[in-house]
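Welcome! Below is a short set of exercises, each with a worked solution to follow at your own pace. Please keep the sequence and the 3D view open while you read.

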Amino acid sequence: MSVRVFLVDDHALFRAGVKAELDTITEEIEVVGEAGSVGEAVAGIAHHRPDVVLLDVHMPDGGGAEVLRQIRTKIPEVTFLALSVSDAAEDVINVIRAGARGYVTKTISSQELVRAVVRVSEGDAVFSPRLAGFVLDAFADRPGAAPISDPELDLLTPRERDVLRLLARGYAYKEIASELFISVKTVETHVSSVLRKTQLSNRYELSRWATDRRLV
Amino acid sequence: MRAIFAVFAAFSGVGIIAYALLWMFVPQSALAEPETDKDRKEWQQAVGLAALGIGVAVFTGLLGGAWSGWITGPIAVALIGAAVVWREADEAQRRRWRDGAFSQGKTGIVRTVAGGALVVAGVAAFLVVNDSVQNLSTVVLSVLATLIGVAVLTVPLWMRLVRDLDSERRARIRTEERAEIAAHLHDSVLQTLALIQKQSESPREVKRLARSQERELRSWLYGREVGELPHSISVAIAQACAEVEDDFAIAVSQVVVGDCELEDGMFALVQASKEAMVNAAKHAGVAEVSVYAEVEPEKVTVFVRDRGKGFDPDAVPEDRHGLAGSIRGRMTRHGGEVRLRTAPGEGTEVQLEMPRKTEART
């Protein structure tokens, strides 16, 4: 059974390009609908009930985060993969904290995009190297860091750090698995757990870090 | 607002003219009148107001005959008074933006008081005349007329004040931002697009131009200074990646975690990293190289990785010194280490590690 995908992007040209690429290179994915604005997206997603929404971050009227906010409470079973030209830390962290299961940039190759869509549809998380770097940075223990209130959510385990480092170095899940002598499934578990912490941790550092950070 | 005019319209259509008067004033607030034209303009306005008042009186007088001559005369007086007050409020508002404080001159006060007096006189005359002509209750009429007088004087004034201030400030901010964005896009994106059109036969050159413009635009959008001497390792690495991208028309994706000052050892580390990127660009036969740098309290580690051809380290000819000299030599001189992972067909990863000086730790 193919993964039903809904495209949200305010650039019609970009939507057409992604749709054409996905249609030609794979049978695994079926594009069931598309939208060019927040309002259209909310209505379209509610109507089509896709498995995965490919979500642009920058749009008028609140962008991808607004779509996430409106849909997540109504239809929690829809998963979101953020797809954006922006590499800004603030955008990346915000859309993840709003509930996206992953973040990839628009320069991603079509094959990699297919892999990423399938992965989030199976409930796993997708981290671009950039996102992995941001999360490592946000959870770093630096002098003067905020106190840990909930170790379960506010700290990464050493193993999670290892996985994130390899993701940031551009390793694929399979390569990470063989590097760390663990199974791909275990890598996926670690990444999902990091995603959960990134979304739920109330550590002051995390939100402040994203806004403070000037580096791209 | 419209309701007030509707009430006025009941009296010989004066409301319509008052509406027109207000309409005439509104667009003026958008014009930034030069200081030197002010006096002339004031005179023009005064003459215009008087002419309007007389015009109203004559016009309605002709329409309604002898009956309304007694009514429109006082109303025209009241109208001119109201117009003077409105006008003065408009001027005072402008002065306030200019001077940044609520400073109303003596003439301003005189004009406002005079306008108010005109209104009161007009309303009073209207009431006196009508009391003898019509058999309406004096109390009801006077209350109504006073209310209308006060409302006409203050409501439009406050609405205008709030709206003008807000829209003028917004327009100014928008204009400034637009000008800055336009200037930047012209210097950068438009120039690059022109270059790309000229170079369209060379895909390599087009790609290089597009990539370097993308980088430049990103740093402008997300606020990183370019072109200055790097003081921190993250900026230095970003610059090294940019140079390799430009020189070899490949994409270098870089991720930097943490940051630190760029002292001697770190400078050598960045140079060695750049050399590793250059090697990958030249020999690996790939379109993309990944760079990952992590700053830790006691050391900085950089990984330069490609998924290209790879090679057999033992089979590298003696005369090829790129790796041995530029990378290993540089690193060991500053107390760093180099590890190499590669095999034919397996891609290449160069791992560079440089300890941080104790006093430089942050």
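**Exercise 1.** How do H1(A) and H5(A) lie to each other, roughly parallel or roughly perpendicular?

*Solution.* Bear in mind from the start that this is a predicted model.
- Step 1: Find helix H1, residues 12-25 of chain A, and helix H5, residues 110-121 of chain A.
- Step 2: Look at their geometry: the two pack at an angle of about 85°, and their axes are 10 Å apart.
- Step 3: Angles of 65 to 115 degrees count as roughly perpendicular, and therefore H1(A) and H5(A) are roughly perpendicular to each other.
- Step 4: To see the contact itself, select A:Val18, A:Glu21, A:Leu22 and A:Ile25 in H1(A), which meet A:Ser110, A:Gln111, A:Leu113 and A:Val114 in H5(A). By class, the contact of H1(A) with H5(A) has 5 nonpolar, 2 polar and 1 charged residues.

**Exercise 2.** Which strands of chain A stand at the edges of the sheet?

*Solution.*
- Step 1: Write down the strand order. The open sheet of chain A has 6 strands in the order S2-S1-S3-S4-S5-S6, and its pairing is parallel.
- Step 2: Read off the ends. Strand S2 (29-35) and strand S6 (126-127) of chain A have a single partner strand each, so one side of each is left without a neighbour in the sheet.
- Step 3: Add a helix to the picture. Helix H2 (residues 38-48) of chain A packs on the sheet and touches strand S1 (3-8), S2, strand S3 (52-55) and S4 of chain A. The direction of H2 makes about 165° with that of S1(A).

**Exercise 3.** Follow the bridges from S1(A) through S3(A) and S4(A) to S5(A), and find a bridge pair at each step.

*Solution.* A reminder helps here: strands of a sheet pair through backbone hydrogen bonds, either parallel or antiparallel.
- Step 1: S1(A) and S3(A) run parallel and are joined by 4 bridges. Here A:Phe6 has A:Val53 in S3(A) as its bridge partner.
- Step 2: S3(A) and S4(A) also run parallel, with 4 bridges between them. Across this pair, A:Val52 stands opposite A:Thr79 in S4(A).
- Step 3: S4(A) pairs with strand S5 (residues 102-105) of chain A in the parallel sense over 4 bridges. The bridge partner of A:Leu81 is A:Gly102 in S5(A).
- Step 4: Now check the side chains of S3(A). In a regular strand the side chains alternate between the two faces of the sheet. A:Val52 and A:Leu54 point one way from S3(A), while A:Val53 and A:Leu55 point the other way, and all are buried.

**Exercise 4.** Is A:Ser84 buried or exposed?

*Solution.*
- Step 1: Locate A:Ser84 in strand S4 (residues 79-84) of chain A.
- Step 2: List its contacts, leaving out residues up to four places away in sequence: A:Ser84 touches A:Asp56, A:Val57, A:His58, A:Tyr103, A:Val104, A:Thr105 and A:Lys106.
- Step 3: Apply the cut-off. Buried means under 20% relative accessible area, and A:Ser84 has 0%, so A:Ser84 is buried.

**Exercise 5.** What is the strand order of the sheet in chain B?

*Solution.*
- Step 1: The 5 strands form an open sheet in the order S1-S2-S3-S5-S4 of chain B, and the pairing is mixed.
- Step 2: Strand S1 (251-257) and strand S4 (337-342) of chain B are at the edges, each with a single partner strand, so one side of each has no neighbour in the sheet.
- Step 3: S4(B) pairs with strand S5 (residues 348-355) of chain B in the antiparallel sense over 6 bridges. B:Val338 stands opposite B:Leu352 in S5(B).
- Step 4: Helix H8 (residues 233-248) of chain B lies across S1, strand S2 (288-295) and strand S3 (299-306) of chain B, and runs at about 175° to S1(B).

**Exercise 6.** How do H7(B) and H8(B) lie to each other, roughly parallel or roughly antiparallel?

*Solution.*
- Step 1: The axes of helix H7 (residues 203-221) of chain B and H8(B) come within 8 Å and cross at roughly 160°.
- Step 2: Angles over 145 degrees count as roughly antiparallel, and therefore H7(B) and H8(B) are roughly antiparallel to each other.
- Step 3: The contact of H7(B) with H8(B) divides by class into 2 nonpolar, 1 polar and 7 charged residues.

Technical notes. Residues numbered from 1 in each chain as written. Chains lettered and ligands numbered in written order. Predicted model: local features only at pLDDT ≥ 70, side-chain atom pairs only at ≥ 80, totals over all residues. Heavy atoms only, no water. Axes fitted to C-alpha atoms, helices over the stretch in contact; angles between N-to-C directions. Parallel < 35°, antiparallel > 145°, perpendicular 65-115°, else oblique. Contact = heavy atoms within 4.5 Å. Nonpolar A, V, L, I, M, F, W, Y, C, P; charged D, E, K, R; others polar. Pairing = 2+ DSSP bridges. Buried < 20%, exposed > 50% of the residue type's maximum accessible area, 1.4 Å probe, protein only.
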